[in-house]
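Me: I'd like to learn how to read the empty spaces and contacts in a protein model. Can you walk me through one?

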Amino acid sequence: MTQAELKIFLDEKVEQYNHPRFLEDDPLQIPHRFSKKEDIEISGFLTATIAWGNRKSIINNASKLMELLDNAPYNFVLNHTQNDLEKLTPFVHRTFNGLDLDYFINSLKNIYENHDGLETVFSKNQEKNTLQPAISKFKEVFFELPHLPRTTKHISDPNKGSAAKRINMFLRWMVRDSNTGVDFGLWKSLQPSQLSCPLDVHSGNVARKLKLLKRKQNDAKALLELDNKLRKLDPTDPVKYDFALFGLGVFEKF
């Protein structure tokens, strides 16, 4: 395919999958249960944090997590007591457990009380064409409280070579426009042009088949390579192609 043909093909796939029916089997349905900005942010962040493995399991466990937070995540984060935290202890999703969740709740409280919220932490450290350094800085802020070393693995760091798939996905949810009713377009201080594609096994394999990616590992270098290619297809909204790559990989076994 020529680049022009590839763009036409991928744009058609974006239109096919960037649709509300996409939410039926996607973890993004969890933050769509809320209407308040902070509830959407916090539920989205926690859902993205556990978004690895079987999608049905992710959705089930994210739903349980919201129930543990009284289906009012922002209020729980700001006003929880030690007794409230103790009821989180049994929670587990793969290697993310109640100890990790306890820290996440306390860290989110610190971010909203002392750093003006999640959006501000990311926007303060943004760069013109990328948010990857902002993700690294976010991890520093997130773990500025005393914490167990085990918990740090649940936030990826691009500066250490990670593609940071789950945080890039969360940023897509928050920043891309809401025109199709899928992403939220909540964070006006950031632009879709700064986003990076959530790179995982599915999107990576499809990108390689389409000659958008040569690097074999799904790491920070591969993400930069893919970013550069997608920005040529659409410099204002490159991450929209996540829908195409993911849909081709998961639903069409491309």
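Reply: Sure. Start with what a pocket is: an open set of grid points with protein on both sides within 12 Å along at least five of seven lines, and its lining residues have an atom within 4 Å of a point. Keep in mind that this is a predicted model.

Me: Okay, which residues lie nearest the centre of the largest pocket?

Reply: Ala 51, Lys 165, Asp 200, His 202 and Phe 246 do, out of 25 residues that line the largest pocket. The space in that pocket is about 440 Å³.

Me: Which helices supply at least two residues each to that lining?

Reply: Look at α3 (55–68), α9, α10 (201–209) and α12 (241–250). Of these, α9 brings the largest share, four residues. By character, the lining of the largest pocket splits into 14 nonpolar, five polar and six charged residues.

Me: And what volume does the second largest pocket have?

Reply: About 220 Å³ for the second largest pocket. Its lining has 14 residues, and Thr 130, Gln 132, Ala 220, Leu 224 and Asp 227 are the ones nearest the centre. Two elements give two or more residues to this lining, α8 and α11 (220–233). The top contributor is α11, with six residues. Here the count is five nonpolar, seven polar and two charged.

Me: Now the closed spaces. How do people find those, and how many cavities of 30 Å³ or more are there?

Reply: The general idea is that rolling a probe the size of a water molecule over the atoms shows where empty space is left. In this model the count is one cavity of 30 Å³ or more, and the largest cavity holds about 70 Å³ of space.

Me: Which residues line the largest cavity?

Reply: Among them are Phe 45, His 154, Arg 166 and Phe 170. Both α2 (37–49) and α9 (165–175) supply at least two residues of that lining. The lining of the cavity divides into six nonpolar, three polar and one charged. Notice that α9 turns up again from the largest pocket, where it supplies four residues.

Me: Let's try helix packing. At what angle do the axes of α6 and α8 cross?

Reply: The axes of α6 (residues 98–114) and α8 (residues 132–142) cross at roughly 105° and come within 10 Å. Angles of 65 to 115 degrees count as roughly perpendicular, so α6 is roughly perpendicular to α8. On the α6 side, the contact uses Tyr 103, Phe 104, Ser 107, Leu 108, Asn 110 and Ile 111, and these meet Phe 138, Val 141 and Phe 142 of α8. That contact is made of seven nonpolar residues, two polar and no charged ones.

Me: Last one: how is a pair of aromatic rings described?

Reply: By the distance of the centres and the angle of the planes. The whole structure has 20 aromatic pairs. In one of them, Phe 22 and Phe 246 have ring centres 6.1 Å apart and planes at 70°, so the pair is edge-to-face. Phe 22 sits in the loop between α1 (3–17) and α2, and Phe 246 in helix α12, so the pair ties together parts 224 residues apart in sequence. You've met Phe 246 already, among the residues nearest the centre of the largest pocket.

Technical notes
Residues numbered from 1 in each chain as written. Predicted model: local features only at pLDDT ≥ 70, side-chain atom pairs only at ≥ 80, totals over all residues. Heavy atoms only, no water. 1 Å grid on protein atoms, 1.4 Å probe; cavity = no way out; pocket = protein on both sides within 12 Å on 5 of 7 lines; lining within 4 Å. Points joined across faces, edges and corners; volume = space filled by probe spheres on them. Nonpolar A, V, L, I, M, F, W, Y, C, P; charged D, E, K, R; others polar. Axes fitted to C-alpha atoms, helices over the stretch in contact; angles between N-to-C directions. Parallel < 35°, antiparallel > 145°, perpendicular 65-115°, else oblique. Contact = heavy atoms within 4.5 Å. Phe/Tyr/Trp six-rings, centres within 6.5 Å; stacked < 30°, edge-to-face > 60°.
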